[in-house]
Amino acid sequence: MIKTIITNSPDETIKLAERLGRKLVRGDIICLTGELGGGKTTFVKGLCKAFGIDPRAVLSPSFVLIKEYKGRLPLYHFDLYRIDKLFDFERLGYQEYFYGDGICIIEWAERIKKILPEEYLLIEFKILGENKRQIKLVPYGKRYRDRF
């Protein structure tokens, strides 16, 4: 079932992500989409907070493509803003992350849609105002429909 939530500040976005983060388990894949400045990295801060990771340590990894955070489970934060070709992502050895022992969070996930697994949680961000965001949770697969 698709859920749509409106947040009115970055703090509300972080709190929403923190609540969602408490439901995540080993092997989950979270795909974030939406325009630049839509709140994706802010959302990642909340997910990290749920895993005991200082949200101030979270920066957009645009220049390194992936950032690993160590919390109660490893979080692998991909930012694909600078990926031009699917081949560039495939060279990262993404399978180790997708099917590993942690949780994958993928910003700009639409850029690798062809190689996403059948099951993942899509989170779409839409800017409604300076600090107001529409955040839509779209579960793909039973794994996510049952929890979100």
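**Entry 1: Trp108**

I began with Trp108, which counts as buried because its relative accessibility is 9%, under the 20% limit for that class. I found Trp108 in the loop between strand S5 (103-107) and S6. I then looked up its backbone angle: phi of Trp108 is near 65°, a positive value in a residue other than glycine.

**Entry 2: Confidence of the model**

I note that this is a predicted model. I therefore looked up how far it may be trusted, since coordinates should not be read in detail where pLDDT is low. The protein has an average pLDDT of 90, and 94% of the residues score at least 70. Where is confidence lowest, and where is it highest? I found the lowest mean, 70, in helix H3 (residues 86-90), and the highest, 98, in strand S6 (residues 120-127).

**Entry 3: Lys40**

I turned next to Lys40, which lies in helix H2 (residues 40-50). Which side chain of opposite charge is nearest to Lys40? I found that it is Glu107, 5.1 Å away. Lys40 has no salt bridge, although it is buried; the distance to Glu107 is 5.1 Å, whereas a salt bridge requires atoms within 4 Å. I did find a partner of another kind: the side chain of Lys40 reaches the backbone oxygen of Glu35 at 2.9 Å. Beyond its neighbours within four places in sequence, Lys40 is in contact with residues including Thr33, Glu35, Glu107 and Trp108. The residue of my opening entry, Trp108, thus appears again among the contacts of Lys40.

**Entry 4: Helix H2 and the nonpolar core**

I asked how many of the 11 residues of H2 are buried. The count is eight, so H2 is largely enclosed by the rest of the structure. I listed the buried residues as Lys40, Thr41, Phe43, Val44, Gly46, Leu47, Cys48 and Ala50. After H2 comes Gly52, whose phi is positive, near 80°.

Phe43 led me to the core. Nonpolar side chains tend to be buried together in soluble globular proteins. The largest nonpolar core here has 48 residues. Among those with the most contacts inside this core are Phe43, Leu20, Phe78 and Ile123. Apart from residues up to four places away in sequence, Phe43 touches Thr13, Leu16, Ala17, Leu20, Leu32, Ile123, Phe125 and Ile135. Two of these, Leu20 and Ile123, I had already noted as core residues with many contacts.

**Entry 5: Salt bridges**

Side chains of opposite charge can pair when their charged atoms come close. I found five salt bridges in the structure. One joins Glu18 to Arg22, with the closest N and O atoms 3.4 Å apart. Are Glu18 and Arg22 buried or exposed? Glu18 counts as buried because its relative accessibility is 15%, whereas Arg22 is exposed because its value is 53%. A network of salt bridges links Glu18, Arg22 and Lys49. I also recorded the salt bridge between Asp146 and Lys142, at 2.7 Å from N to O; both of these residues are exposed.

**Entry 6: Asp28**

A further salt bridge joins Asp28 to Arg143, with the closest N and O atoms 2.7 Å apart. This pair links distant parts of the chain, as the two residues are 115 residues apart: Asp28 is in the loop between helix H1 (10-21) and strand S2 (29-34), and Arg143 is in helix H5 (residues 142-145). Asp28 is buried because its relative accessible area is 0%, while Arg143 is partly exposed because its area is 31%. I found a polar contact as well, between the side chains of Asp28 and Tyr144, at 3.4 Å. Leaving out residues up to four places away in sequence, Asp28 touches Lys23, Gly102, Ile103, Cys104, Arg143, Tyr144 and Arg147.

**Entry 7: Arg26**

Last, I looked up Arg26, in the loop between H1 and S2. Arg26 counts as partly exposed because its relative accessibility is 48%. Which backbone oxygen lies 2.8 Å from a polar atom of the side chain of Arg26? I found that it belongs to Asp101. Beyond its neighbours within four places in sequence, Arg26 is in contact with Leu73, Gly100, Asp101, Gly102 and Arg143. Arg143, the salt-bridge partner of Asp28, is thus also a contact of Arg26. I closed with a distance: Arg26 and Pro10 are 16 residues apart in sequence and 26 Å apart in space, C-alpha to C-alpha.

Key. Residues are numbered from 1 along each chain as its sequence is written. Side-chain values use heavy atoms; hydrogens and water are left out. A nonpolar core is a set of buried Ala, Val, Leu, Ile, Met, Phe, Trp, Tyr and Cys residues joined through side-chain atoms within 4.5 Å. Buried means under 20% relative accessible area, exposed over 50%, partly exposed in between (1.4 Å probe, protein chains only). Contact means heavy atoms within 4.5 Å. Helices (H or I, at least four residues) and strands (E, at least two) are DSSP runs, numbered from the N terminus. Lys and Arg count as positive and Asp and Glu as negative; His and the chain ends are not counted. A polar contact is a pair of N or O atoms within 3.5 Å; within protein, one must be able to donate a hydrogen and the other to accept it, and residues adjacent in sequence count only if both atoms are side-chain atoms. pLDDT is the predictor's confidence in each residue, from 0 to 100.
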